[in-house]
Amino acid sequence: MYSNPAAPAAAGVGAGTLAATGAGDLFWFALAAFALVALGMAVKRIVPVRAK
C-alpha cells in the first residue's frame, strides 16, 4: 500500500493545485459549509430533548 508513493503524491499535488486556483476557493467554502452543517446536526442529535 505504501510502497508506491505515486498515488499519495498525485493526490497531494491535485489538492494543492485546487487550493491554488480561484475555483478552489468555492470548493473549500462548500466543504466548510458542509462540515458546519454536519457539526450542527451532530450536536443537535447529542443534546437531550425535554419530553412533554
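**Exercise 1.** State how many helices and strands the protein has.

Solution. This is a predicted model. The protein has 2 helices and 0 strands. Helix 2 covers residues 22-46, and Trp 28 lies in this helix.

**Exercise 2.** Describe the surface of the protein: what share of the residues counts as buried, and what share of the exposed area comes from carbon and sulfur atoms?

Solution. Start with burial: 2% of the 52 residues count as buried. Then take the area: the protein exposes about 4800 Å². Carbon and sulfur atoms supply 75% of that area.

**Exercise 3.** Classify the aromatic pair formed by Phe 27 and Trp 28.

Solution. The structure holds 1 aromatic pair. The ring centres of Phe 27 and Trp 28 are 5.0 Å apart, and the cut-off for a pair is within 6.5 Å. The ring planes stand at 70 degrees; planes over 60 degrees apart count as edge-to-face. The pair is therefore edge-to-face.

**Exercise 4.** Decide whether Phe 27 and Trp 28 are buried, partly exposed or exposed, then place them in a surface patch.

Solution. Buried means under 20% relative accessible area and exposed means over 50%. Phe 27 has 39%, so Phe 27 is partly exposed. Trp 28 has 36%, so Trp 28 is partly exposed too. Both residues belong to a nonpolar surface patch with Leu 31 and Phe 34. Together the four residues have about 410 Å² of accessible area.

Technical notes. Residues are numbered from 1 along each chain as its sequence is written. This is a predicted model: local features need pLDDT of at least 70, side-chain atom pairs count only at pLDDT 80 or more; totals for chains, interfaces and linings use all residues. Side-chain values use heavy atoms; hydrogens and water are left out. Patches are made of residues with over 30% relative accessible area and no salt bridge: like charges are joined within 9 Å, nonpolar side chains (Val, Leu, Ile, Met, Phe, Trp, Tyr) within 5 Å. Accessible areas come from the Shrake-Rupley method with a 1.4 Å probe; for residues, only the protein chains shown count as cover. A salt bridge is a side-chain nitrogen of Lys or Arg within 4 Å of a carboxyl oxygen of Asp or Glu. Helices (H or I, at least four residues) and strands (E, at least two) are DSSP runs, numbered from the N terminus. Buried means under 20% relative accessible area, exposed over 50%, partly exposed in between (1.4 Å probe, protein chains only). Rings of Phe, Tyr and Trp (its six-membered ring) pair if their centres lie within 6.5 Å; planes under 30 degrees apart count as stacked, over 60 as edge-to-face and the rest as tilted.
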